[in-house]
Amino acid sequence: MAASSPTSALGANRLQALDAFTITLNRAAADEILPLFRADHGLENKAGPGAFDPVTKADKNAESAIRKLIAEHYPDHGVIGEEWGEDRPDAEFVWVLDPVDGTRAFVAGLPVWTTLIGLRFQGQPVLGSIGQSFIGEIFIGHAGGSRLINRDGERPLKVRACPHLSEAVIATTDASLFQGAQREAWNQVRAAARLARFGCDAYAYAMVALGTLDLVVETGLKAWDIESAIPLLAGAGGMITDWRGDAVGQSGGKVAIAGDRRLLDEALALLGPAAD
(Lines give C-alpha, C1' and ligand atoms only; values in the text may rest on other atoms or scores of the structure.)
Protein backbone atom coordinates (compact mmCIF):
# COMPACT_ATOMS: atom_id res chain seq x y z
CA MET A 1 0.00 0.00 0.00
CA ALA A 2 1.32 3.45 -0.89
CA ALA A 3 2.24 5.72 1.99
CA SER A 4 -0.20 8.54 2.72
CA SER A 5 0.74 12.10 1.88
CA PRO A 6 1.64 14.51 4.71
CA THR A 7 -1.63 16.37 4.11
CA SER A 8 -3.78 13.27 4.40
CA ALA A 9 -1.80 12.12 7.44
CA LEU A 10 -2.83 15.33 9.20
CA GLY A 11 -6.51 14.44 9.09
CA ALA A 12 -9.37 16.68 7.97
CA ASN A 13 -10.30 18.01 11.41
CA ARG A 14 -6.77 19.02 12.36
CA LEU A 15 -6.15 20.57 8.94
CA GLN A 16 -9.37 22.57 9.25
CA ALA A 17 -8.31 23.87 12.67
CA LEU A 18 -4.88 24.87 11.37
CA ASP A 19 -6.49 26.56 8.37
CA ALA A 20 -8.67 28.66 10.70
CA PHE A 21 -5.64 29.47 12.85
CA THR A 22 -3.72 30.63 9.77
CA ILE A 23 -6.51 33.11 9.06
CA THR A 24 -6.21 34.33 12.66
CA LEU A 25 -2.47 34.80 12.15
CA ASN A 26 -3.07 36.83 8.99
CA ARG A 27 -5.43 39.13 10.83
CA ALA A 28 -3.04 39.58 13.74
CA ALA A 29 -0.29 40.51 11.28
CA ALA A 30 -2.63 42.98 9.55
CA ASP A 31 -3.32 44.70 12.86
CA GLU A 32 0.39 45.45 13.15
CA ILE A 33 1.07 46.27 9.50
CA LEU A 34 -1.81 48.44 8.35
CA PRO A 35 -1.30 51.37 10.77
CA LEU A 36 2.26 51.67 9.41
CA PHE A 37 1.46 51.42 5.70
CA ARG A 38 1.82 54.79 3.97
CA ALA A 39 2.80 56.14 7.40
CA ASP A 40 5.88 56.42 9.62
CA HIS A 41 7.08 52.81 9.39
CA GLY A 42 10.59 53.19 10.86
CA LEU A 43 12.57 52.15 7.81
CA GLU A 44 16.01 50.62 8.44
CA ASN A 45 18.62 49.28 6.03
CA LYS A 46 19.86 45.78 6.95
CA ALA A 47 22.53 45.82 4.24
CA GLY A 48 26.03 47.22 4.36
CA PRO A 49 27.31 50.37 2.66
CA GLY A 50 26.35 50.67 -1.00
CA ALA A 51 23.45 48.20 -0.73
CA PHE A 52 19.82 48.38 0.32
CA ASP A 53 17.89 45.67 2.18
CA PRO A 54 14.95 47.37 3.88
CA VAL A 55 13.14 46.35 7.04
CA THR A 56 10.43 48.25 8.90
CA LYS A 57 8.58 48.14 12.19
CA ALA A 58 5.78 46.46 10.26
CA ASP A 59 8.02 43.48 9.40
CA LYS A 60 9.26 43.08 12.97
CA ASN A 61 6.01 43.75 14.80
CA ALA A 62 3.94 41.50 12.56
CA GLU A 63 6.28 38.55 12.94
CA SER A 64 6.37 39.07 16.70
CA ALA A 65 2.56 39.03 16.83
CA ILE A 66 2.39 35.83 14.77
CA ARG A 67 5.02 34.13 16.93
CA LYS A 68 3.19 35.12 20.11
CA LEU A 69 -0.03 33.48 18.94
CA ILE A 70 1.76 30.32 17.82
CA ALA A 71 3.47 30.07 21.22
CA GLU A 72 0.12 30.48 22.99
CA HIS A 73 -1.90 28.04 20.89
CA TYR A 74 0.71 25.54 19.64
CA PRO A 75 3.69 25.70 22.03
CA ASP A 76 5.23 22.52 20.58
CA HIS A 77 5.41 23.96 17.05
CA GLY A 78 8.60 25.35 15.56
CA VAL A 79 8.98 28.66 13.73
CA ILE A 80 11.27 29.92 10.98
CA GLY A 81 10.91 33.62 10.25
CA GLU A 82 12.74 36.17 8.17
CA GLU A 83 13.02 38.71 10.98
CA TRP A 84 13.53 36.69 14.17
CA GLY A 85 15.22 33.50 12.98
CA GLU A 86 14.62 29.87 13.91
CA ASP A 87 12.98 28.25 16.91
CA ARG A 88 12.85 24.42 16.87
CA PRO A 89 13.13 24.14 13.08
CA ASP A 90 13.13 20.32 13.33
CA ALA A 91 9.77 20.08 15.12
CA GLU A 92 6.98 17.99 13.61
CA PHE A 93 5.09 21.21 12.79
CA VAL A 94 7.06 24.28 11.69
CA TRP A 95 5.61 27.65 10.68
CA VAL A 96 7.57 29.49 7.97
CA LEU A 97 6.97 33.25 8.03
CA ASP A 98 7.64 36.31 5.95
CA PRO A 99 5.56 39.01 7.67
CA VAL A 100 5.99 41.58 4.87
CA ASP A 101 7.16 40.04 1.63
CA GLY A 102 7.85 42.92 -0.74
CA THR A 103 9.14 45.44 1.80
CA ARG A 104 10.35 47.65 -1.06
CA ALA A 105 6.78 47.88 -2.32
CA PHE A 106 5.61 48.53 1.23
CA VAL A 107 7.94 51.50 1.74
CA ALA A 108 6.96 52.84 -1.69
CA GLY A 109 3.29 52.76 -0.69
CA LEU A 110 2.38 50.15 -3.31
CA PRO A 111 -0.23 47.55 -2.22
CA VAL A 112 1.49 44.48 -3.66
CA TRP A 113 3.35 43.44 -0.50
CA THR A 114 2.01 40.35 1.25
CA THR A 115 2.16 38.38 4.46
CA LEU A 116 3.37 34.83 3.83
CA ILE A 117 2.50 32.09 6.33
CA GLY A 118 3.38 28.49 5.57
CA LEU A 119 3.19 25.35 7.66
CA ARG A 120 5.42 22.28 7.39
CA PHE A 121 4.32 18.92 8.73
CA GLN A 122 7.01 16.28 9.01
CA GLY A 123 9.28 18.44 6.84
CA GLN A 124 6.80 19.03 4.00
CA PRO A 125 4.77 22.18 3.22
CA VAL A 126 1.11 21.30 3.82
CA LEU A 127 -0.72 24.59 4.31
CA GLY A 128 -0.04 28.12 3.11
CA SER A 129 -1.46 31.59 2.81
CA ILE A 130 -0.63 34.79 0.96
CA GLY A 131 -2.37 37.75 2.57
CA GLN A 132 -2.75 41.30 1.24
CA SER A 133 -4.50 43.03 4.10
CA PHE A 134 -4.70 46.54 2.61
CA ILE A 135 -6.78 45.17 -0.26
CA GLY A 136 -8.45 42.75 2.13
CA GLU A 137 -7.44 39.43 0.58
CA ILE A 138 -6.26 36.13 2.02
CA PHE A 139 -5.32 33.41 -0.47
CA ILE A 140 -5.15 30.17 1.49
CA GLY A 141 -5.06 26.47 0.78
CA HIS A 142 -3.57 23.03 0.74
CA ALA A 143 -3.42 20.13 -1.68
CA GLY A 144 -7.11 19.41 -1.12
CA GLY A 145 -8.23 22.85 -2.31
CA SER A 146 -7.50 26.57 -2.14
CA ARG A 147 -9.68 29.65 -1.87
CA LEU A 148 -9.66 33.43 -1.78
CA ILE A 149 -11.20 35.13 1.24
CA ASN A 150 -12.09 38.79 0.73
CA ARG A 151 -14.69 41.36 1.73
CA ASP A 152 -17.24 39.71 -0.58
CA GLY A 153 -16.87 36.27 1.02
CA GLU A 154 -15.00 33.25 -0.31
CA ARG A 155 -14.38 31.75 -3.73
CA PRO A 156 -12.37 28.73 -4.88
CA LEU A 157 -9.06 29.30 -6.60
CA LYS A 158 -8.27 27.67 -9.91
CA VAL A 159 -5.39 28.25 -12.30
CA ARG A 160 -6.17 28.77 -15.97
CA ALA A 161 -5.12 26.73 -18.97
CA CYS A 162 -2.28 28.25 -20.97
CA PRO A 163 -0.27 25.72 -22.97
CA HIS A 164 2.26 28.04 -24.65
CA LEU A 165 4.55 30.91 -23.70
CA SER A 166 3.28 32.82 -26.73
CA GLU A 167 -0.08 33.07 -24.94
CA ALA A 168 1.26 33.59 -21.42
CA VAL A 169 1.21 36.51 -19.01
CA ILE A 170 4.36 36.12 -16.93
CA ALA A 171 6.07 37.89 -14.04
CA THR A 172 9.24 38.21 -12.05
CA THR A 173 10.12 40.48 -9.15
CA ASP A 174 13.08 42.22 -10.79
CA ALA A 175 14.86 41.13 -13.97
CA SER A 176 18.12 42.65 -12.66
CA LEU A 177 18.30 39.82 -10.11
CA PHE A 178 19.12 37.43 -12.95
CA GLN A 179 22.83 37.42 -13.73
CA GLY A 180 24.93 35.69 -16.42
CA ALA A 181 23.31 32.53 -17.76
CA GLN A 182 20.22 33.21 -15.64
CA ARG A 183 19.73 36.55 -17.37
CA GLU A 184 20.04 34.92 -20.79
CA ALA A 185 17.50 32.25 -19.83
CA TRP A 186 15.06 34.85 -18.51
CA ASN A 187 15.44 36.94 -21.65
CA GLN A 188 14.47 33.93 -23.75
CA VAL A 189 11.39 33.28 -21.63
CA ARG A 190 10.45 36.95 -21.72
CA ALA A 191 10.91 37.18 -25.48
CA ALA A 192 8.62 34.19 -26.04
CA ALA A 193 5.85 35.39 -23.71
CA ARG A 194 2.89 37.59 -24.58
CA LEU A 195 3.21 40.00 -21.63
CA ALA A 196 5.51 40.40 -18.62
CA ARG A 197 4.92 42.29 -15.37
CA PHE A 198 7.42 43.17 -12.66
CA GLY A 199 7.68 44.11 -8.99
CA CYS A 200 4.83 42.10 -7.49
CA ASP A 201 6.91 39.68 -5.36
CA ALA A 202 4.71 36.94 -3.88
CA TYR A 203 1.49 38.66 -4.90
CA ALA A 204 2.27 37.33 -8.38
CA TYR A 205 2.17 33.78 -7.00
CA ALA A 206 -1.36 34.42 -5.76
CA MET A 207 -2.32 35.70 -9.21
CA VAL A 208 -1.27 32.38 -10.74
CA ALA A 209 -3.56 30.63 -8.25
CA LEU A 210 -6.33 33.09 -9.15
CA GLY A 211 -5.89 32.42 -12.87
CA THR A 212 -4.82 35.90 -14.00
CA LEU A 213 -1.09 35.18 -14.38
CA ASP A 214 0.32 32.07 -16.04
CA LEU A 215 3.99 31.87 -15.06
CA VAL A 216 6.32 33.38 -12.46
CA VAL A 217 10.10 32.93 -12.59
CA GLU A 218 12.31 33.84 -9.63
CA THR A 219 15.84 33.35 -8.34
CA GLY A 220 17.57 33.70 -4.98
CA LEU A 221 14.51 32.86 -2.89
CA LYS A 222 14.64 31.86 0.76
CA ALA A 223 12.32 29.30 2.35
CA TRP A 224 10.06 32.02 3.75
CA ASP A 225 9.69 33.54 0.28
CA ILE A 226 8.14 30.46 -1.31
CA GLU A 227 6.98 27.72 1.08
CA SER A 228 3.56 29.22 1.75
CA ALA A 229 2.86 29.21 -1.99
CA ILE A 230 3.59 25.50 -2.55
CA PRO A 231 0.43 24.02 -0.96
CA LEU A 232 -1.64 27.03 -2.02
CA LEU A 233 -0.76 26.54 -5.69
CA ALA A 234 -1.24 22.79 -5.43
CA GLY A 235 -4.78 23.31 -4.16
CA ALA A 236 -5.54 25.61 -7.10
CA GLY A 237 -4.22 23.11 -9.67
CA GLY A 238 -0.86 24.81 -10.19
CA MET A 239 2.70 23.71 -9.62
CA ILE A 240 6.03 25.00 -8.31
CA THR A 241 9.39 23.51 -9.25
CA ASP A 242 13.00 24.54 -9.40
CA TRP A 243 14.52 25.34 -12.79
CA ARG A 244 15.28 21.65 -13.34
CA GLY A 245 11.67 20.69 -12.79
CA ASP A 246 12.32 19.13 -9.39
CA ALA A 247 10.52 19.84 -6.14
CA VAL A 248 11.58 23.06 -4.44
CA GLY A 249 13.69 22.31 -1.40
CA GLN A 250 13.68 24.04 1.96
CA SER A 251 16.45 26.37 0.80
CA GLY A 252 14.31 28.07 -1.89
CA GLY A 253 16.61 29.10 -4.75
CA LYS A 254 15.53 29.28 -8.40
CA VAL A 255 11.79 28.74 -8.81
CA ALA A 256 9.21 28.47 -11.59
CA ILE A 257 5.50 28.73 -10.80
CA ALA A 258 2.89 27.85 -13.40
CA GLY A 259 -0.76 27.04 -13.79
CA ASP A 260 -0.36 24.70 -16.75
CA ARG A 261 2.08 21.78 -16.94
CA ARG A 262 2.58 22.29 -20.68
CA LEU A 263 3.59 25.90 -20.15
CA LEU A 264 5.91 24.96 -17.30
CA ASP A 265 7.66 22.38 -19.47
CA GLU A 266 8.16 24.93 -22.24
CA ALA A 267 9.62 27.44 -19.79
CA LEU A 268 11.86 24.85 -18.13
CA ALA A 269 13.36 23.94 -21.49
CA LEU A 270 14.70 27.50 -21.58
CA LEU A 271 15.53 27.83 -17.88
CA GLY A 272 17.13 24.41 -17.39
CA PRO A 273 20.54 25.24 -18.88
CA ALA A 274 20.91 28.02 -16.25
CA ALA A 275 19.74 25.88 -13.33
CA ASP A 276 23.20 25.49 -11.79
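Visitor: Starting with a hairpin, which residue in β9 is the bridge partner of H142?

Guide: The partner there is G145. Before going on, note that this is a predicted model, where local features need pLDDT of at least 70 and side-chain atom pairs count only at pLDDT 80 or more, while totals for chains, interfaces and linings use all residues. Residues are numbered from 1 along each chain as its sequence is written, and side-chain values use heavy atoms, leaving out hydrogens and water.

Visitor: How many bridges join β8 to β9, and what is their sense?

Guide: Strands pair here if DSSP finds at least two bridges between them. β8 (residues 137-142) and β9 (residues 145-150) run antiparallel and are joined by five bridges. Two residues sit between them, giving a hairpin.

Visitor: What does β9 do with β10?

Guide: β9 and β10 (residues 153-156) pair in the antiparallel sense over four bridges, again as a hairpin with two residues in between. To trace the register, find R147 opposite its bridge partner P156 in β10, then L148 opposite R155. As you step along, remember that in a regular strand the side chains alternate between the two faces of the sheet.

Visitor: Back to H142: where does it lie, and is it buried or exposed?

Guide: H142 lies in strand β8. Its relative accessibility is 17%, so H142 counts as buried; the cut-offs are under 20% relative accessible area for buried, over 50% for exposed, and partly exposed in between (1.4 Å probe, protein chains only). By comparison, look at L34, in the loop between α2 (12-33) and β1 (44-45): at 32%, L34 is partly exposed.

Visitor: Which residues is H142 in contact with, leaving aside neighbours within four places in sequence?

Guide: Contact means heavy atoms within 4.5 Å. For H142 the list is T7, L15, V126, L127, P231, A234 and G235.

Visitor: What is the strand order of the eight-stranded sheet?

Guide: Strands (E, at least two residues) and helices (H or I, at least four) are DSSP runs numbered from the N terminus. This open sheet reads β4-β3-β5-β6-β7-β8-β9-β10, with mixed pairing. Its edges are β4 (85-87) and β10, each pairing on one side only. From one strand to the next, the twist averages 15°.

Visitor: Which strands does helix α3 touch, and at what angle to β5?

Guide: Angles run from 0 to 180 degrees between N-to-C directions, with axes fitted to C-alpha atoms (for helices, over the stretch in contact). Helix α3 (residues 57-73) packs on this sheet, touching β3 (78-81), β4, β5 (93-101) and β6 (114-121), and its direction makes about 155° with that of β5.

Visitor: And the five-stranded sheet: what is its order?

Guide: Follow β12-β11-β13-β15-β14, an open sheet with mixed pairing. The edge strands, pairing on one side only, are β12 (195-198) and β14 (239-242). Here the twist averages 20° from strand to strand. For a parallel pair, take β11 (residues 169-172) and β12, with four bridges; A171 stands opposite R197 in β12.

Visitor: Which strands do α5 and α9 touch?

Guide: Helix α5 (residues 181-192) packs on the sheet against β11, β12, β13 (215-221) and β15 (253-258), pointing about 155° from the direction of β11. Helix α9 (residues 261-271) also packs on the sheet, touching β13, β14 and β15, and its direction makes about 15° with that of β14.
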